[in-house]
Amino acid sequence: MNVTSFSALVFAGSLAAGFLGALTGLGGGVVIVPMLTLLFGVDVRYAIGASLISVIATSSGAAAAYVREGYSNVRIGLFLEIATSAGALIGAGLSAHVSTSAIAIIFGVVLLYSALAGSAGREHKNPESAHSRMGEVLRLNGSYPSANGLCSYGVRRVPLGFALMTGAGALSGLLGIGSGALKVLAMDGAMGLPFKVSTTTSNFMIGVTAATSAGVYLSRGYLDPGLAMPVMLGALSGAVLGARVLPKASVPVLRSVFKAVLLALAVEMIYNGCIGRI
Amino acid sequence: MPIKDEQLDRGMARLLQAGVLISAATMLAGGTLYLLRHGSEVPDYRHFHGVLPTLKQVGGVWSGVLAGRARETIQLGVLLIIATPVMRVAFAVVAFAFERDWLYTAISGVVLSLLLYALCVQ
């Protein structure tokens, strides 16, 4: 396979990953790394580097659309970014000391988790009831447009959300993913935010987390332009399409499709890590 | 205050979009050159060697771009996309300071320092 056909195939795969990633709020990174390593035989370190770049682009590209529509909460995003950026520094620092097989296995476990958490998304019946003192002091409460007009919501269990975000950042730095599943879990599950606000705020934050890791990876030579180009352009095109479709999309159906893909990739990654092929 | 927040959100959205567009255009230009010049070569990503030293720092990338090199032009796109979230956080620091929202000026300031630490100190 020459560079032209390799680039075309990687572009197509990344486009599909970016599209599904933006729609489900889980990001394309979780699919791009296994796709590059398992399907194209790319070394996991190059794959992580290229994935990170696409993660920054898709997050920023899709976030721009969400912010204008009034879904994401900039204050919550910025506050929790303290946790994810610190975590990303730790994770990217660790990656130099962990073997590629171990990274593959950890990646598989995170994928499994993403797939299982992917079924837990739910709308809260009474979002306004989720109030806490910390949420009020930090002014994290907000509102978003819904079918019945502007819907306001509060936050709860802020420290738990903050702790989960540190873990999400560390995994992002170690694995080159956006850690969307963990970020959504922290906001939707722990802090009680409405599902669409969680996914879009997660998308909004992911770019900053990934940029922190990318800074570390740049100096280590993980960022290869020949690979980053088709991955980023493909994933970005997919994410832009995804953001267009989101207000009309049926979230539960998409999540079950994505969940099946993630499960299959998780098993492959863990298996290949265990037999030392990655 | 809600109106100001909305303006802030819109400013951030525009900044993000501009960064992504400029970076994607740069990458597309470099990518076209790259495919024209190296399209028939066989890629090797199976073994990790790390990229050339010139592709690891801003100075090296920039002189490659000036010399019309394809890989360095793509890498400039990579650097621009990394810079986009950094700009966004910097914008937030300034915008919250304008709103006299000192709590969030400080919060975005901490995030910005972490980012700059990762990019410059490492």
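Which hand does the crossing of H7(A) and H9(A) have? It is right-handed. Before going further, keep in mind that this is a predicted model.

**The H7–H9 crossing in chain A**

Helix H7 of chain A covers residues 158-175, and helix H9 of chain A covers residues 195-220; the two pack at an angle of about 45°, with their axes 9 Å apart. Because of that angle, H7(A) counts as oblique to H9(A). On the H7(A) side, the contact comes from A:Gly169, A:Ser172 and A:Gly173, while H9(A) brings A:Thr209, A:Ala210 and A:Ser213. Sort those residues by class and you get 1 nonpolar, 5 polar and no charged.

**Chain A as a whole**

Stepping back, chain A holds 11 helices and 2 strands. Their order along the sequence is α-α-α-α-α-α-β-β-α-α-α-α-α. The radius of gyration of chain A is 18 Å, close to the 19 Å that the globule rule gives for 278 residues, so chain A is as compact as a globular protein of that length.

Now for the two strands. E1 of chain A takes in residues 142-146 and E2 of chain A residues 149-153; they run antiparallel and are joined by 5 bridges. A hairpin of 2 residues links E1(A) to E2(A). If you want one pair to look for on screen, try A:Ser143, whose bridge partner in E2(A) is A:Ser152.

**Chain B**

Chain B has 4 helices and 0 strands, so to speak a plain run of α-α-α-α from the N terminus on. Its radius of gyration is 18 Å, whereas a compact globule of 122 residues would be near 14 Å.

Here are the spans of the two C-alpha traces along their principal axes:

| Chain | Span along the principal axes |
|---|---|
| Chain A | about 55 × 35 × 30 Å |
| Chain B | roughly 55 × 30 × 30 Å |

**Where the chains meet**

How many residues of chain A are in contact with chain B? The count is 49 residues of chain A, set against 52 residues of chain B. Several helices of chain A each supply at least two residues to the side that touches chain B: H1 (3-24), H3 (44-69), H4 (74-95), H9 and H10 (225-245). Among these, H3(A) gives the most, with 11 residues. By class, this side of chain A has 29 nonpolar, 13 polar and 7 charged residues.

One helix pair across the two chains is worth a look. H10(A) packs against helix H3 of chain B (residues 70-98) at an angle of about 55°, with the axes 9 Å apart. The two helices are therefore oblique to each other, and their crossing is left-handed. Which residues of H10(A) meet H3(B)? They are A:Pro225, A:Gly226, A:Ala228, A:Met229 and A:Met232, and they meet B:Arg71, B:Ile74, B:Gln75, B:Val78 and B:Ile81 in H3(B). The residues of this contact divide into 7 nonpolar, 2 polar and 1 charged.

Definitions and conventions: Residues are numbered from 1 along each chain as its sequence is written. Chains are lettered from A and ligands numbered from 1 in the order in which they are written. This is a predicted model: local features need pLDDT of at least 70, side-chain atom pairs count only at pLDDT 80 or more; totals for chains, interfaces and linings use all residues. Two strands pair if DSSP finds at least two bridges between them. Axes are lines fitted to C-alpha atoms, for helices over the stretch in contact, and angles run from 0 to 180 degrees between N-to-C directions. Angles under 35 degrees count as roughly parallel, over 145 as roughly antiparallel, 65 to 115 as roughly perpendicular and the rest as oblique. A crossing is left-handed if the near helix is turned anticlockwise from the far one by less than a right angle, and right-handed if clockwise. Two residues are in contact if their C-beta atoms, placed from the backbone, lie within 7 Å. Ala, Val, Leu, Ile, Met, Phe, Trp, Tyr, Cys and Pro count as nonpolar, Asp, Glu, Lys and Arg as charged, and the others, Gly among them, as polar. The radius of gyration is taken over C-alpha atoms; the globule rule is 2.2 Å times the number of residues to the power 0.38.
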